[in-house]
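Me: I would like to go through this model with you and ask, for each label attached to it, what the label rests on. Please set the value beside the cut-off wherever a step of reasoning needs one.

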Amino acid sequence: MTSFCQASERQAAGWIEDPLAHFGYSATRMHSMDRSEQEAVQLAAMNILLERRRAEIPVLAKLADAQGIARLDSLDAMAPLLFEHTVYKSYPAALLAKSRFDQLTRWLDRLTPYDLSAVDVSDCTSIDDWLSRLRDETPLDPATSSGTSGTMSFFPKSKLDYRRCFEGLRLQVLQTFGKPPSEADLNEKLHVMTPTYRDGHSSVGALARYCMHAFCKGDESLLHTALPYKLSADLSWLAARLRRAAAKGDISKVDVPASLLARRDEMEQQLTEAPRQQAAFVREMVETLKGQRVLAVGVSPLFHEVAKGGLAQGIGGVFGPGSRVMTGGGGKGIALPDDWDRTVKTFFGVDRLFNNYGMTEMASLIVGCEHGHYHLPPWVVLFVLDPDSGAPLPRSATQTGRASFFDISNDGTWGGIVTGDRVTVHWDEPCACGRATAYLENRIQRFNELQGGDDKITCAATPAAQAEALDYLNALEG
Amino acid sequence: MTTTTDPICHAVIRGEIVSSDLVQFGGRGGDITFLAPDPARIVSRLPLESPGKLQDLYSLSLDDILDYLSELGKRLELGSNPYMQEACELSFATAPTTPPIVRGIFRDVPHWFQPDRIREWSELTVGSRYLEGWVETPVNNATVAIRAYGSRALHIVAGNGPIGALSIIRGAVTRSDTIIKLPSNDPFSTVAIARTMVDMAPEHPVTRHLTVAYWRGGDEAIEKKLYQPHNIEKIIAWGGMASVKHVTKYIQPGLELTSLDPKSSASVVGTEGLKTEALLSEAASRIASDVGAMNQCGCANSRVVYVMSGTDETGLETINRLGEQVYAAMLKLPSGISTKPKRYDPQLKAEVDALRLGGEDWYKVIGGEDGEGAVIVSQMASPVEFVDYLADRTVNLVPVDTVEEVLAAVDASTQTVGIFPDDLGSELCHTMSLYGAQRFVSLGYSFNGPGPIGPQDAIEPVRRMCRWIVREIPAATRVPLWELTEGNASVVA
C-alpha cells in the first residue's frame, strides 16, 4: 500500500512537472492508463498542489481556510475549492476606467503563484501596456476574455501554460492513436495558417504566437495570419463598454478613459475591414500554400465560404499530405448547410476536420477524437456538478451537469475552475476510437443560453433580458 | 396523451370553462408541468369576431361595472374561495417567490377590487366623464366632444405579481374585450378569478368579455392567427424582450403595441439621512423594505442604493455600519412580505462569492453564505459590475461624495427611485427624470403606496388601452368652405 502511494506521488510529481514529457509525448500512452491508477495519481497530485499553492496563492488560501480543507481524501473533496470564473473578474471596472494598473497588479498578484510585487506598472497607460509589461517582466502572459455582460476577465496564465497547451494540441492533432509518435509528429516544421491576429492577449490573440513555437518550431516565415496587427485588449474593452452603455440607453455614460474613446473610429474600422481581409487572406493562402503541409485554424463559416467558392471554380485538394484543418464556433445566426464539412474537407484536401474544447481558464485543450468525443487527458480531473446544488455527481456511468475541472498542468494559476458549460460525460463506456479515458459528448451548451425562452415573464429587469438586449445590439452591428 | 396527474390550467373563453383536449406544458429546468387545452383547438375562439360586439358593455354604467368588480372582490377572499385556494397551492411551485409571500399576494387580491380605489385611479388616469360619455370642450372656434372607448386588447402578463387581476380590472373599467395570455410562472391565479366570474355572473358583459388561456409564448401557429388587426387592436406586453420579441413581427397598422419593459429600481440616501444614529437606523429599515419586499422579485425593488456618506474613512465607516443594519433589518421583515429566497441564483452566488474571495479591497460582503440574501457595500464610488444580476434579496450600497454621482443610479430601465430624506430635493428628481427614472417614492414605501394609479414606466397604459374618439361641431361663426371666395380658401383639417 505504501509503495503504491509512493508510486502515485512520484507520478503525480511528474505530471505537475511536465505532463507531456511524463507520457513520452505519446497521445497513445496518455489515453491508455488504468482508471484506478489514474485516479490515485490525480488525488496525489491535487494534494501536492493544494499544499503548495495554498502557500503561494492568497485567494486560494482564503477559500481553503473558509472551507476548512487542508487535505483531500477523495477526488470529489476538491469540489468546494474550485474557483468560479467570476473570481477572475472580481476587480472593480472603475480601476480600468481610471487606469489604476498598480491596483490591478496587486489584485492579480493574489491569484497567481508568481510574485508580481516587483513589477513597476506606474507608467502603463493602457490595458495593452499593462499586459505587455507583465508578459515582458514576469513568467506570466495574462489572458483576457470578455463575457456578454461587458466585463473583462484577467486570467494570470503563464507562458508555460500556453506552451504546454499548444504542444498538447500538436500532439493531439498530428499523432495517430495506437501508434508511437514519429519523428515528424514530434519535430517537423509545419505552415500555420490562421485568419486571425498576429498577436494579442486573448486566447485568439495568443493562438498565432504560440502555434509559431509548437508547429512552426520558431520559424516565423511559416506563420501566416490575416490581420497583421495585434488584437488590442483596449479596443475589445471599448467595444464591450459601448455595447453595455447602449444596452442601458445612454451611450454617453460609457466608462472608459477619454484617450480610449478617441480610438472608437479605429475600432470600428478594424471591425468593418476584418471580414474582407480574412476572406482575401484565405484565398491568397490557398495559392501560397498549395501542396504544403499546413495546420489551418479558423471558424467554420469563413472556411466554408472560401471552400464553396473554390470548389465552384474547380479548385480542390489544395493542401499537401498530412495537413490538418481545425474549425470551430463561428458567428451566431450563420446557418451552415448540412454538408458544410464535406465541402471544407474536399477543398482543403483533408479527410477530417478537428475541433476542440477548452477555455482560457484551463491550460489543456481537448481535441475531439475520430468519433467526436472529447477524451480527458489524465491530468485533467473532471467534476460534473449538479446544476442546482453544486454537488459532484457520481464518477460512473453517464452524467449530465455543470462541467468543472482541475487541470494539474496549470502553472500560472490555481487549476480548479467551475465552468458555465452543461456537459454529458461517459465515465466508463469504451469509445470506438480505442482511448481508455472518460469522454465528453460534443454537444456542449452554456447554461445561460439554456435559460430564457421558458415563457416566464416578470416586470423585473433580469440578466437574461439584458443579455437579450445586448444580443440584439450585437446582431445589429453584424 | 394526458395520463399524468398534472394540475390543469383551464381556459376560460367568454364565460365558458374549457378543460378538453389537454396537452402538457412547462417542465423546463425542473419546473412543474401542467395541462392546458390544446391552443390550436381553441385559438379561433379566442378573439371577439367584431368590434361591434363591444356594444353590450355600453349597456352598463361605470357604477354598474364597479358594483360587479366589488362583488367579485368579495368572492375572491382566499379563506372562502376554493378556486383561489387551489390556485394558491399550485402557485407555490410556479411562482418566483416562497409560499408565505405567494399566500400574501393571493390574500391581497380582493383589495385590488375595492370600488373606491378603482374609482379614484380611473378618475385620475382617464376620467369617468370620458368613460361614460362625450366630453365637450370649445377649442379653435369649434366644439369638440371626446370619448374614451374600449378596445379589443390582448394582455401578455407578467407572472411575478397579480397582473392578471389588474388586467381584468383595467379591461372592465375601459369597457374593453380582454384576452389574457398567461405566463408559465403564473398559470393559475387569473384562471381562478375568471372561474369565479363565471360562477358569479355567467351572462354579465364583463364576464363575457374576458378570455384567459395559456399557450407557449412565441408559438407561431397560434400567434400568427391571433395577432391580427381583425382580431385585436392592442397588445399590452409586460416583460419587454421576453414577451415582446415574439410580438413585434405581428405589429402593423391597426395593431398597436404597449410594451411595459423590464425595469429595475434604485434608492438614494442623502447626507441628512445619516446625521444621527436614529436616522441611520431608519434609513436601514427603509432600504431593507424596498429591497426585501416580495423577495426582490419585482421591478419596483431597489437593487442599488447610492449613499451620500462620502468615500473617506469616516464615510466608509458610516456606510459599512448602514450595511450591517440593512442586513439585520432585512432578516427581520415579516414572512408574508419577505423570506429566505426560494432559490438563490447560482450565477449571482458565484459573483458574490468572487467578491468575498478576490474583491475584498473594494467590497464588503455582509451575509449571503446561506442563500438568505446579502448586502454588498462598495468601498469606492461605483457599483458592482454584475449590477443587473442583483436579486434574491441582494443589494449593493454605493458611497458617493457628490449629488452628481447619484445620477449614475438611473438609466432608461430605472423605474422607481426611493429617496431619503424626502426633502433631498426636487432638483434631483427633475434631473433623474431626464436620465430615465420613472417613479419617485419616499424610501421604504416602494410597495406601500397608492398602487398603479396611472403613469407606469413613463406611460399611461390605461389611457393607451382606450380608443380616443373625437367629434367636432363647428362654431356658428365658422365660415363654411363652400361659401369661401376664390383666393381665400384654406384647409385646416
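Reply: Let us begin with a residue in a loop, keeping in mind that this is a predicted model. B:R175 sits in the loop between α7 (163-173) and β8 (177-181) of chain B, and its phi is positive, at about 55°, although it is not a glycine.

Me: Why is B:R175 called buried?

Reply: The relative accessible area of B:R175 is 2%, and a residue counts as buried when that value is under 20%; therefore B:R175 is buried.

Me: What makes a positive phi worth pointing out in a residue other than glycine?

Reply: Most residues other than glycine have a negative phi. B:D392 is another case to set beside that rule, with a positive phi near 55°, and this residue is found in the loop between β15 and β16 of chain B.

Me: How do you know whether B:D392 is buried or exposed?

Reply: Its relative accessible area is 13%, and because the limit for buried is under 20%, B:D392 is classed as buried.

Me: What is known of the strands on either side of that loop, β15 and β16 of chain B, and what makes them a pair?

Reply: Two strands pair if at least two bridges are found between them; β15 (residues 374-378) and β16 (residues 394-399) of chain B have four bridges, in the parallel sense, so they meet the condition. One of the bridges joins B:A374 to its partner B:T394 in β16(B).

Me: Why are β14 and β18 of chain B called edge strands?

Reply: The open sheet has seven strands in the order β14-β15-β16-β13-β12-β17-β18 (chain B), with mixed pairing, and β14 (363-367) and β18 (439-442) of chain B each pair on one side only. From one strand to the next the twist averages 20°. Helix α14 (residues 346-358) of chain B lies across β14, β15 and β16 of that chain, and runs at about 120° to β14(B).

Me: What makes the peptide bond from B:F420 to B:P421 stand out?

Reply: That bond is cis, with omega near -5°, and B:P421 lies in the loop between β17 (414-420) and α16 (426-435) of chain B. Most peptide bonds, by contrast, are trans.

Me: How many cavities does the structure hold, and which residues are closest to the centre of the largest?

Reply: There are seven cavities of 30 Å³ or more, and the largest has a volume of about 190 Å³. Of the 20 residues that line this largest cavity, the closest to its centre are B:I105, B:F106, B:G159, B:G161 and B:D186. The lining divides into 12 nonpolar, seven polar and one charged residue, and α4(B) gives the most to it, with four residues.

Notes: Residues are numbered from 1 along each chain as its sequence is written. Chains are lettered from A and ligands numbered from 1 in the order in which they are written. This is a predicted model: local features need pLDDT of at least 70, side-chain atom pairs count only at pLDDT 80 or more; totals for chains, interfaces and linings use all residues. Side-chain values use heavy atoms; hydrogens and water are left out. On a 1 Å grid over the protein atoms alone, a cavity is a set of points where a 1.4 Å probe fits but cannot get out, and a pocket is an open set with protein on both sides within 12 Å along at least five of seven lines; lining residues have an atom within 4 Å of a point. Grid points are joined across faces, edges and corners, and a volume is the space filled by probe spheres set on the points. Helices (H or I, at least four residues) and strands (E, at least two) are DSSP runs, numbered from the N terminus. Ala, Val, Leu, Ile, Met, Phe, Trp, Tyr, Cys and Pro count as nonpolar, Asp, Glu, Lys and Arg as charged, and the others, Gly among them, as polar. Axes are lines fitted to C-alpha atoms, for helices over the stretch in contact, and angles run from 0 to 180 degrees between N-to-C directions. Contact means heavy atoms within 4.5 Å. Buried means under 20% relative accessible area, exposed over 50%, partly exposed in between (1.4 Å probe, protein chains only).
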